[in-house]
Amino acid sequence: MKERFSNKGSLAGTAVVVKHTGSHYLLSRLPEWDPFVAVVRGKLRLKGSVSTNPIAVGDVVDYVGDATGSYTITTIHDRRNCIVRKSQNLSRQNHVIAANIDRVFLTITLRDPEVKLQFVDRFLVTCEAYGVPVTILLNKADLYRGEESGEGALADEDLAQMAAGFIQIYRNAGYEVMETSVKTGFNISRLKEMCKDRVVLFSGQSGVGKSSLVNALDPSLNLKTAEISQAHLQGRHTTTFYQMHPLSCGGFVVDTPGIRGFGLVDFGKEELSNYFPEMLRVEDNCRFVPCTHTHEPGCAVKAAVEAGEISPLRYSSYLSMLEDDGKYREGEE
Ligand SMILES: Nc1nc2c(ncn2[C@@H]2O[C@H](COP(=O)(O)OP(=O)(O)OP(=O)(O)O)[C@@H](O)[C@H]2O)c(=O)[nH]1
Ligand SMILES: [Mg+2]
Ligand SMILES: [Zn+2]
């Protein structure tokens with residue numbers, strides 16, 4: 001991603017969007033880290049009118065620079081993938097969280113804050129639909145594993161049981177689930193391995209420890225974090241921008257503001273079950289095609305739920321998404 005002209009005054013090239021703040025974008029010619037400010041032409045904004053943000057962090061763009069050193073984004077390259085959710089406003093617009101991501105770490109906690117499975121399942125469906133590999137991080141494992149995290153006496157039996165249940169549901173569904181603790185360092189080196197030379201993104205509710213995890217990967221980033229109680233009392237999130245950071249161990253990580261709910265972008269009712277890996281595995285055996293896996297006789301998905309092979313919680317998430325017509329539209333606070 002080198003500049004096409006080296007004579008100052010007519011610089012043009014290709015770069016990646018690493019931050020978006022209002023009308024300005026920060027670009028960098030990855031894998032180099034050389035952030036510079038660029039703006040967008042009005043024309044380009046209109047083109048992406050189905051989305052509240054036509055350009056997102058992770059987008060690959062072409063830019064031109066003028067003699068005064070100001071840069072303008074001219075083209076957005078096609079996206080390899082992206083994460084999109086329905087915007088919190090009442091328009092039909094979508095919000096692109098990020099584009100061209102190698103892996104998303106959907107970060108959750110069992111307590112402080114308590115995970116909402118509806119949120120998790122909606123997020124996972126979106127990752128499936130848009131082709132983004134996802135790993136679930138069960139953070140704050142020290143809350144039930146104790147200071148030693150890993151082996152030893154459990155700090156909280158009930159929470160440990162909840163953790164085991166959660167992990168079983170999502171591993172059975174076909175997802176990778178990894179427990180982490182910023183407090184004890186549990187699995188942080190494994191996480192580092194997974195980020196190396198990749199572009200990864202952390203998403204999840206406010207207070208689950210996304211920024212803390214990123215700091216654990218690279219303490220020199222020194223991102224702002226806050227006690228959950230304080231953040232909630234003030235009714236705002238600690239991280240307020242979508243921003244990519246370079247990791248000293250190699251790779252790039254996008255830290256994001258907490259999401260309270262996740263509005264699903266409209267899918268056809270027949271395609272929804274394709275985004276539940278455990279349903280996709282069995283639905284070829286349904287008697288009817290297409291099958292919504294609700295009232296149809298001879299439904300292999302319902303049989304799998306009854307046989308305990310598909311989690312009833314996941315199945316009820318599926319049903320609620322089928323019935324949903326835009327009611328569930330909480331966004332960032
Ligand atoms: N016990 C425990 N606390 C943690 C852990 N990770 C983070 N925390 C705490 O959780 C609180 C929230 O952490 P943040 O990193 O600010 O959370 P965030 O997900 O970035 O929140 P937003 O930016 O608001 O979305 C802080 O008080 C952290 O110290 C962990 O592994 N164990
Ligand atoms: Mg944060
Ligand atoms: Zn069926």
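**Helix α4, the shell around ligand 1 and the overall fold**

In α4, the residues Ala 163, Phe 166, Ile 169, Tyr 170 and Ala 173 are buried. When α4 is viewed down its axis, these buried residues fall within an arc of 130 degrees, so they line one face of the helix. The other side of α4 carries exposed residues, namely Glu 157, Gln 161, Ala 164, Gln 168 and Arg 171. The partners against which the buried residues of α4 pack are the strands β9 (134–138) and β10 (176–179), together with the helices α3, α8 and α10 (312–323). The model described here is a predicted one.

The length of α4 was also examined. Helix α4 comprises 17 residues, 157–173, and because a rise of 1.5 Å a residue is expected, it should span 24 Å; the C-alpha atoms at its ends are 24 Å apart, in agreement with that expectation. Just after α4, Gly 174 adopts a positive phi of about 115 degrees.

The protein chain as a whole contains ten helices and 13 strands. Of its 333 residues, 37% count as buried. When contacts in the protein chain between residues at least 6 apart in sequence are considered, 62% of them join residues that are at least 24 apart.

The surroundings of ligand 1 comprise 24 residues, of which Gly 209, Ser 212, Thr 225, Thr 239 and Gly 258 come nearest. By residue class, this shell divides into seven nonpolar, twelve polar and five charged residues. Three helices, α3 (142–145), α6 (210–217) and α7 (228–233), each supply at least two residues of the shell around ligand 1, and the largest share, three residues, comes from α6. Helix α3 thus appears in two settings, as a supplier of residues to the shell around ligand 1 and as one of the elements against which the buried residues of α4 pack.

Helix α8, likewise one of the packing partners of the buried residues of α4, spans residues 277–282 and precedes a loop that leads to α9 (300–306), and Val 289 is found in this loop. Although valine counts as nonpolar, Val 289 is exposed, since 9 other C-beta atoms lie within 10 Å of its own, and a residue is classed as exposed when that count is 12 or fewer. The C-alpha atom of Val 289 is separated by 9.3 Å from that of Glu 270, and the two residues are 19 residues apart along the chain.

Terms used: Residues numbered from 1 in each chain as written. Chains lettered and ligands numbered in written order. Predicted model: local features only at pLDDT ≥ 70, side-chain atom pairs only at ≥ 80, totals over all residues. Helix = DSSP H or I, 4+ residues; strand = E, 2+ residues; numbered from the N terminus. Buried ≥ 20, exposed ≤ 12 C-beta atoms within 10 Å, placed from the backbone. Contact = placed C-beta atoms within 7 Å. Near = placed C-beta within 6 Å. Expected span 1.5 Å × (residues − 1). Arc of directions from axis to C-beta.
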